[in-house]
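Open the model in your viewer and follow the stops below in order. Each stop says what to select and what is there.

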Amino acid sequence: GLVGGFSDPYHETVAEAAWGRRAQRGHRNAVENLAVFGILVLVLQLLGMNTAGTLFAAQLFFFSRLVHFIVYLLAIPWIRVVMFLVGFGCQIFIGYTILLDIA
């Protein structure tokens, strides 16, 4: 249940509810994608290549990942895939912007 899920800080108890397992997988997916996104944005900031396009891509990434987690939790696969691809596209756009400016 909800109380049991929040009272296990060391994750020693296996989640029994399907939504709990989906929440764990969604969280893990978000952390993995945030690592890539964080590096891209850090490089973008350090090189001073911020533009209106990269700002929009960063904002779109955030909201697409938020929706991705919610629909992951609710087990809606098609919207989840679309939101993942939108977030991935934002990462590609930011990476492409960095590569164009460096080259």
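Start with Q91, which sits in helix α4. The model is a predicted one. Is Q91 buried or exposed? Its relative accessible area is 6%, so Q91 counts as buried, the cut-off being under 20%.

Now show what surrounds Q91. Beyond its neighbours within four places in sequence, Q91 is in contact with N33, V36, F37, L40 and F61. Pick the C-alpha atoms of Q91 and N33: they are 9.1 Å apart in space, while the two residues are 58 apart in sequence.

**The whole chain**

Zoom out and colour by secondary structure. The protein has four helices and zero strands, and the pattern along the sequence reads α-α-α-α. Of its 103 residues, 27% are buried. Taking contacts between residues at least 6 apart in sequence, 75% of them join residues at least 24 apart.

**α2 against α4**

Select α2 and α4. Two packed helices are described by the angle between their axes and the distance between the axes. For α2 and α4, the axes cross at roughly 25° and come within 9 Å. The two helices are therefore roughly parallel, since the angle is under 35 degrees. Their crossing is left-handed.

Which residues of α2 and α4 meet? On the α2 side, select N29, N33, V36, F37, L40, V41, V43 and L44. On the α4 side, select F84, Q91, I94, G95 and I98. Coloured by class, this contact shows nine nonpolar residues, four polar and no charged.

Stay with L44 and add D101, a residue of helix α4. The C-alpha atoms of L44 and D101 are 10.0 Å apart, and 57 residues separate the pair in sequence. D101 is exposed, because its relative accessible area is 51% and the cut-off is over 50%.

**α3 against α4**

Hide α2 and show α3 beside α4. The axes of α3 and α4 are 8 Å apart, and the packing angle is about 155°. That angle is over 145 degrees, so the two helices are roughly antiparallel. The crossing of α3 past α4 is left-handed.

To see the contact, select G53, T54, A57, A58, L60, F61, S64, R65, V67, H68, V71 and Y72 in α3. Then add I79, R80, M83, F84, V86, G87, C90, Q91, F93, I94 and T97 from α4. Sorted by class, the residues where α3 meets α4 are 14 nonpolar, seven polar and two charged.

Two residues of α4 are worth a separate selection here. C90 contacts A57, L60 and F61, setting aside neighbours within four places in sequence. T97, also placed in α4, touches M49 and T54 when residues up to four places away are not counted. T97 counts as buried because its relative accessibility is 18%.

Next, follow the chain from α3 into the loop that leads to α4, and select A75. Its phi is near 60°, a positive value in a residue other than glycine. With a relative accessible area of 46%, A75 is partly exposed.

**α2 against α3**

Bring α2 back and hide α4. The axes of α2 and α3 lie 9 Å apart, at an angle of about 170°. α2 is therefore roughly antiparallel to α3.

From α2, select W19, R22, A23, R25, G26, H27, N29, A30, N33, F37 and L44. From α3, select T54, A58, F61, R65, H68, F69, Y72 and L73. The contact of α2 with α3 comprises ten nonpolar, six polar and three charged residues.

**The core**

Show the helices together for the last stop. In soluble globular proteins, nonpolar side chains tend to be buried together. Which residues form the largest nonpolar core in this model? Select F37, L40, L44, M49, A57, F61, C90, I94 and I98, which are its nine residues. Helices α2 (18-46), α3 (52-73) and α4 (77-102) each supply at least two of the core residues.

Finally, put Q91 back on display with this core. F37, L40 and F61 belong to the core, and they are also among the contacts of Q91.

Methods:
Residues numbered from 1 in each chain as written. Predicted model: local features only at pLDDT ≥ 70, side-chain atom pairs only at ≥ 80, totals over all residues. Heavy atoms only, no water. Core = buried A, V, L, I, M, F, W, Y, C linked by side-chain atoms within 4.5 Å. Buried < 20%, exposed > 50% of the residue type's maximum accessible area, 1.4 Å probe, protein only. Contact = heavy atoms within 4.5 Å. Axes fitted to C-alpha atoms, helices over the stretch in contact; angles between N-to-C directions. Parallel < 35°, antiparallel > 145°, perpendicular 65-115°, else oblique. Left-handed = near helix turned anticlockwise from the far one by under 90°. Nonpolar A, V, L, I, M, F, W, Y, C, P; charged D, E, K, R; others polar.
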